[in-house]
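Here is a short tour of one protein chain, from its outline down to single residues. Please keep the structure open and follow along.

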Amino acid sequence: MARVLIVDDIEDNIRLLGYNLEDDGHDIESADNGHLGIEKARSFAPDIILLDLMMPIISGIDTLKLLKADEQLKDIPVIMISANDGDDSIVHALDLGAQDYVTKPFIYPVLAARLRSAVRLRDSQLALAAANSALSLLASQDPLTDTYNHRHFFNLAGGEFAKSRRYKRPLCAIMIDADHFKAINDNYGHAVGDQALIALAGTCQKLIRASDFVGRLGGEEFAICCPDTDLDGAHLLAERVRQAIADLTVENEDVQLNFTVSLGVTEARDEDKAFSSLLDRADKLLYHAKQSGRNRVTSSSKK
Ligand SMILES: [Mg+2]
């Protein structure tokens, strides 16, 4: 059953239509002019609006325009009620985004069926929109750690690389890799390993600034893209991440796990052709951090 808002200047029309709709189990609110109708649409949040075309003060068409121009109200389906179907304003109303129309005197079961069909259409559009946003989340996020996946991270980082070139702004990349991660999985099991990755990602997300973003590049390997950040700033962030992870304990049943990460940090250079050039360099620096004992940050030397 639906929440129905009736907007009509004739009290009797509202009453008659209201009785019929209530008999069918719908919730009804009404307004006798367009301005009040818009107020009611906001407070009542109807599933559908039945809107009279011919009204004094503000016409049905102008009311419809206001509804469709309102971010909060524009998706509520509207069925226009008009005096006759030769009315040009019906065409105008449909062009302005009205879902449907009925002409007076209407046959109630026909109006009720059109109302149900408009509500069904709205419901399936909402379901589709929800499914789409879930899909786009799936397409951009790593399901385990909620960081960006490899592809989405590279898309965004590519955009930041182009911007840093165009505006001559600094850009840094940090590569992060969990130390001895294979041993964590082997000794404690994959559930604990996954928890360590979640903690690692969560620590990065907590410490970055709003313009930075984190991606999981694969396995236990993550990267942070830091727009408008110079090498000193990125090194500081990397050091904070390293310290925070060294300080945290992953607890799972009777297991208490401490682990560390190694990080490589670099800044975009004139000779870099793409963001991947930075990341390759950060990866070499990360390798160097691993070679020199792990649980450390290696930054590229300044130019
Ligand atoms: Mg009227």
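The report below goes from the whole chain to two helices, then to single residues and the backbone.

**The chain as a whole**

Please bear in mind that this is a predicted model. Its secondary structure amounts to 10 helices and 12 strands. The C-alpha trace spans about 85 × 50 × 25 Å along its principal axes. The radius of gyration is 30 Å, where a compact globule of 303 residues would have one near 19 Å. Of the 303 residues, 44% count as buried. If we take contacts between residues at least 6 apart in sequence, 66% of them join residues at least 24 apart.

On the outside, the accessible surface comes to about 15600 Å², and carbon and sulfur atoms hold 51% of it. The charged side chains number 33 positive and 47 negative, with the centres of the two sets 10 Å apart.

**Two helices, each with a buried side**

Let us start with helix α2, residues 34-44, whose buried residues are Gly34, Gly37, Ile38, Ala41 and Phe44. These residues cover an arc of only 150 degrees around the axis, so they sit on the same side of α2. A general point helps here: an α-helix has 3.6 residues a turn, so residues three or four places apart point the same way. The cover over the buried residues of α2 includes the strands β1 (3-7), β2 (27-31) and β3 (48-52), as well as helix α3 (60-68). Turn to the other side of α2 and you will find Glu39 and Ser43 exposed.

Helix α7, residues 181-188, has Phe181, Ile184 and Asn185 as its buried residues. Seen down the axis of α7, they fall within an arc of 95 degrees and therefore line one face of the helix. Among the elements that cover them are β6 (171-178), α8 (190-207) and β10 (255-257). Lys182, Asp186 and Asn187 are exposed on the face of α7 turned away from its buried side. Just after α7 comes glycine 189, with a positive phi of about 95 degrees.

**Two buried residues**

Which residues does serine 89 touch, not counting those up to four places away in sequence? They are Leu53 and Ile61. Serine 89 is found in helix α4, residues 88-95. With a relative accessible area of 19%, serine 89 is buried, because the cut-off for that is under 20%.

Alanine 223, in strand β8 (residues 221-227), is buried at 0% relative accessibility. Leaving aside neighbours within four places in sequence, its contacts include Phe153, Ile174, Met175 and Leu279. Alanine 223 is also 9.3 Å from histidine 150, C-alpha to C-alpha, although the two are 73 residues apart in sequence.

**Backbone points to look at**

Most residues other than glycine have a negative phi, and most peptide bonds are trans. The table shows two residues other than glycine with a positive phi.

| Residue | Phi | Loop | Relative accessibility |
|---|---|---|---|
| Lysine 168 | near 55 degrees | between α6 (150-166) and β6 | 72%, exposed |
| Glutamate 253 | near 50 degrees | between β9 (250-252) and β10 | 80%, exposed |

As for the peptide bonds, the one that joins lysine 104 and proline 105 is cis, with omega about -5 degrees. Proline 105 lies in the loop between β5 (100-103) and α5 (108-140).

Definitions and conventions: Residues are numbered from 1 along each chain as its sequence is written. This is a predicted model: local features need pLDDT of at least 70, side-chain atom pairs count only at pLDDT 80 or more; totals for chains, interfaces and linings use all residues. Side-chain values use heavy atoms; hydrogens and water are left out. Buried means under 20% relative accessible area, exposed over 50%, partly exposed in between (1.4 Å probe, protein chains only). Helices (H or I, at least four residues) and strands (E, at least two) are DSSP runs, numbered from the N terminus. The arc is that of the directions from the helix axis to the C-beta atoms. Contact means heavy atoms within 4.5 Å. The radius of gyration is taken over C-alpha atoms; the globule rule is 2.2 Å times the number of residues to the power 0.38. Accessible areas come from the Shrake-Rupley method with a 1.4 Å probe; for residues, only the protein chains shown count as cover. Lys and Arg count as positive and Asp and Glu as negative; His and the chain ends are not counted. The place of a charge is taken as NZ of Lys, CZ of Arg, CG of Asp or CD of Glu.
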